[in-house]
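The exercises below ask for a careful reading of one model, and each is followed by a solution that goes step by step. Please try each task with the structure open before reading on.

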Amino acid sequence: MDVLPDKTTLRAWLASRSDRYRVLVPTMGALHRGHTSLFERAREQSARRDGEVIASIFVNPTQFGPGEDFSAYPRPLEADLETCRAHGVNAVFVPGTGDMYSEDRSITIAESRLSKTLCGASRPGHFDGVCTVVAKLFLLTQPAAAVFGQKDFQQLTVIRRLVRDLDFPIEIVGAPTIREADGLALSSRNAYLTPEQRVQAPLLHRALVNTARGITEGLLATPAAAREAFVAAFAEATLARPDYFEIVDTTTLECLESFGGAEPRLLAAAFFGTTRLIDNVGLS
Ligand code: AMP
């Protein structure tokens with residue numbers, strides 16, 4: 001596995017293999033089974049074309065708001081490189097902040113529709129930071145495809161829009177959410193939870209699943225009824241401060257007024273102390 005610590009090394013590496021089918025998996029590191037499932041997915045995808053997998057590890061400052069956990073975000077680089085190696089990643093791009101962003105940078109990508117609700121409402125500027133860094137990673141690593149987790153469903157939707165609106169010739173692959181046995185979606189931020197919060201954290205997923213089941217079985221006929229059911233179910237998480245619960249159209253992320261026609265997705269976020277957890281489910 002090649003470790004590429006800066007853009008110059010990356011470009012030299014690319015020049016030696018420019019015609020290969022390449023699949024990118026962007027991450028912020030602190031890798032867990034959620035990330036490695038993306039590596040596996042990327043490997044399957046690339047193996048069909050005799051291609052290769054490139055991962056990136058970069059804790060992107062421009063997607064963190066003031067008071068968020070940018071400085072505290074875990075950065076276990078050696079362990080992460082070992083994880084990449086063990087999962088058949090061919091190269092890892094690990095740039096420094098100064099390499100990615102000039103001090104006097106003045107151009108960013110702004111998303112003006114999909115990122116105003118859900119996580120975007122409580123994290124202004126977050127998705128502009130995501131779009132900007134992902135666009136830079138696309139331009140730098142020149143992949144034919146890139147894999148993102150459905151765990152960050154709004155992010156996946158925004159990236160699909162980024163690729164569509166800016167004509168990146170890149171296939172975006174959405175991979176399913178990997179969970180603990182009790183349903184909690186794996187996240188680098190789960191490590192911040194106290195033991196008491198950790199016990200209650202799976203209630204976020206359970207409330208989503210129960211609400212989705214109620215909709216599928218016809219017991220919750222309207223989004224308003226579904227919201228009430230979610231709020232009642234999640235009230236069991238006494239240590240949580242709910243941030244949002246929304247039922248949206250899977251493609252546009254617009255809130256649904258009724259269940260006719262659209263493909264609904266249920267998304268929720270909640271704070272346990274200062275730790276913000278997100279999750280989402282579709283209707284099965
Ligand atoms: P992050 O390192 O948090 O920026 O995440 C990098 C990628 O891993 C994103 O595409 C996430 O959606 C994905 N990811 C994070 N957690 C999970 C999970 N539990 N299951 C599947 N994908 C995940």
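## Exercise 1: the ligand site

The ligand is surrounded by 17 residues, and the closest of them are H35, G149, D152, I178 and L186. The structure is a predicted model.

Task: work out which atoms of the ligand and of M28, H35 and I178 are paired at 2.9 Å.

Solution. Step one is to take the oxygen atoms of the ligand: a polar backbone atom of M28 lies 2.9 Å from an oxygen atom of the ligand, and a polar side-chain atom of H35 is also placed 2.9 Å from an oxygen atom of the ligand. Step two turns to nitrogen, where a nitrogen atom of the ligand is 2.9 Å from a backbone N or O atom of I178. Step three sets these distances against the cut-off of 3.5 Å for a pair of N or O atoms.

## Exercise 2: the two domains

Task: locate domain 1 and domain 2 in the chain, and describe the area that they bury between them.

Solution. Step one uses the domain assignment, which gives domain 1 as residues 2-175 and domain 2 as residues 188-277. Their centres, taken over C-alpha atoms, are separated by 27 Å. Step two counts the residues in contact, which are 20 in domain 1 and 14 in domain 2. Step three takes the area: about 1,400 Å² is buried between domain 1 and domain 2, with 57% of it on carbon and sulfur atoms. On the side of domain 1, the residues that lose the most area to domain 2 are D69, L118 and F153, which together make up 40% of what that side buries.

## Exercise 3: polar links and the side of domain 1

Task: identify the salt bridge between the domains, and say which helices supply the side of domain 1 that touches domain 2.

Solution. Step one is the count, which is one salt bridge between domain 1 and domain 2; the side chains of R189 and D69 meet in a salt bridge at 2.9 Å, N to O. Step two adds the six residue pairs in polar contact between the two domains. Step three assigns helices: α5 (118-122) and α7 (153-165) each supply at least two residues of the side of domain 1 that touches domain 2, and α7 gives the largest share, four residues. Step four sorts the residues of that side into nine nonpolar, eight polar and three charged.

## Exercise 4: a salt bridge between strands

Task: find which elements hold R22 and E52.

Solution. Step one notes that the structure holds 14 salt bridges, including one in which the side chains of R22 and E52 meet at 2.9 Å, N to O. Step two places R22 in strand β2 (residues 22-27) and E52 in strand β3 (residues 52-57), so that the pair, 30 residues apart, links distant parts of the chain.

Terms used: Residues are numbered from 1 along each chain as its sequence is written. This is a predicted model: local features need pLDDT of at least 70, side-chain atom pairs count only at pLDDT 80 or more; totals for chains, interfaces and linings use all residues. Side-chain values use heavy atoms; hydrogens and water are left out. Domain bounds come from an automatic or database domain assignment. Contact means heavy atoms within 4.5 Å. Buried area is the accessible area (1.4 Å probe) that two parts lose on being put together, summed over both. A salt bridge is a side-chain nitrogen of Lys or Arg within 4 Å of a carboxyl oxygen of Asp or Glu. A polar contact is a pair of N or O atoms within 3.5 Å; within protein, one must be able to donate a hydrogen and the other to accept it, and residues adjacent in sequence count only if both atoms are side-chain atoms. Ala, Val, Leu, Ile, Met, Phe, Trp, Tyr, Cys and Pro count as nonpolar, Asp, Glu, Lys and Arg as charged, and the others, Gly among them, as polar. A residue is near a molecule or strand if one of its heavy atoms lies within 4 Å of it.
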